[in-house]
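Subject: Handover of a structure

Dear colleague,

Please find below the structure that I am passing on to you. A summary of the findings follows it.

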Amino acid sequence: TFKNFKLLVRNTSQNTSTSKKRRQFDVYGWLTLTSRGFWKLKGKKLENQKLIELINNNYLKDEFGRYFFQNGNQRVFVSLELAPFVINIAQNNPLILVTHTKIVIENIDQVWLDSNMNLMLQFGEIIGSLNDRDTLDLSNHLTNSSGHTMDSPEFFKESKNHSTVTFEDLFLEYRNKRTKIITFTKKQRAPQLRYINIPKPIRQK
């Protein structure tokens, strides 16, 4: 895997005019972040923990909302299956959420539920989607405005149709703070959350 990155640097350098100054090389289509927080290089899941840590520690965003791995003087732009970060449950009681890059979520600013039922969270500059494997565990921390959890009979008694979840009255409780879950469509996602799933070169005017 390290050889692939070295080869990538060499090939990119050969296709660019030489200069005595240190230049920045941009690469697209090599690296992908899956919806479950795995890195893929050319479609193959990365298993090398040192390389994974290297990517996690050098995972950045530019002013256009494109995420990339800074590899020396090379930016390897990341294709996002869903969101720039994947949120995992590190501990259930009390609930502790961490990103796939091992950043602990201190508090939650906003929570969204998209048209595909993906739960999206925002913490400062971090925007992430909940790992679907943790959905069931997180449901224990979802409440209505009265504070009843989803596993309580009172929760469904107070819903409008008394049988299913009413998303207009759904909150996520995290670190003694209750945040209302709102919904948005796919068309609203890109401008609202300010990131690009499939980065491409930017034409400079």
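What is the volume of the largest cavity? In this predicted model, the volume of the largest cavity is about 30 Å³. The count of cavities of 30 Å³ or more comes to 1.

The lining of the largest cavity is formed by I87, I105, L121, Q122, F123, I126 and G128. Two or more of these residues come from each of β10 (119–123) and β11. The greatest contribution is that of β10, with 3 residues. Sorted by class, the lining holds 5 nonpolar and 2 polar residues, and no charged ones.

Overall composition

For orientation, the protein contains 5 helices and 14 strands. It has 205 residues, of which 42% count as buried. Among contacts with a separation of 6 or more, 56% are between residues that lie 24 or more positions apart.

Strands β7 and β8

Strand β7 covers residues 85–92 and runs antiparallel to β8, the two being joined by 5 bridges. The connection from β7 to β8 is a hairpin through 2 residues. Within this pair, I89 has L97 of β8 opposite. Why is β8 described as largely enclosed by the rest of the structure? The reason is that 4 of its 5 residues are buried, where buried means a relative accessible area under 20%.

Salt bridges

Side chains of opposite charge can pair when their charged atoms come close. In this model the count of salt bridges comes to 6, and I describe some of them here.

One of them is formed by D132 and R36, whose closest N and O atoms are 2.8 Å apart. This pair links distant parts of the chain, with the two positions 96 residues apart in sequence. D132 sits in the loop between β11 (126–130) and α3 (135–138), while R36 sits in the loop between β1 (25–33) and β2 (39–41). Are these two side chains buried, partly exposed or exposed? D132 has a relative accessibility of 44% and therefore counts as partly exposed. R36 is also partly exposed, its relative accessible area being 31%.

R175 and E106 form another salt bridge, with an N to O distance of 2.8 Å. R175 belongs to the loop between β13 (171–174) and β14 (177–183), and E106 to the loop between β8 (95–99) and β9 (110–113), so this salt bridge ties together parts that are 69 residues apart in sequence. R175 has a relative accessible area of 40% and is partly exposed. E106 is partly exposed as well, at 42%.

A further salt bridge brings together the side chains of E173 and R178, at 3.1 Å from N to O. Here E173 has a relative accessibility of 32%, so it counts as partly exposed. R178, at 37%, likewise counts as partly exposed. For each of these residues, the term partly exposed applies because the value falls between the limits of 20% and 50%.

In brief, the points to keep in view are the cavity of about 30 Å³, the largely enclosed strand β8, and the salt bridges of D132 with R36 and of R175 with E106, which link parts of the chain that are 96 residues apart and 69 residues apart respectively.

Yours sincerely

How values were computed. Residues numbered from 1 in each chain as written. Predicted model: local features only at pLDDT ≥ 70, side-chain atom pairs only at ≥ 80, totals over all residues. Heavy atoms only, no water. Salt bridge = Lys/Arg side-chain N within 4 Å of Asp/Glu carboxyl O. Buried < 20%, exposed > 50% of the residue type's maximum accessible area, 1.4 Å probe, protein only. 1 Å grid on protein atoms, 1.4 Å probe; cavity = no way out; pocket = protein on both sides within 12 Å on 5 of 7 lines; lining within 4 Å. Points joined across faces, edges and corners; volume = space filled by probe spheres on them. Nonpolar A, V, L, I, M, F, W, Y, C, P; charged D, E, K, R; others polar. Pairing = 2+ DSSP bridges. Contact = heavy atoms within 4.5 Å.
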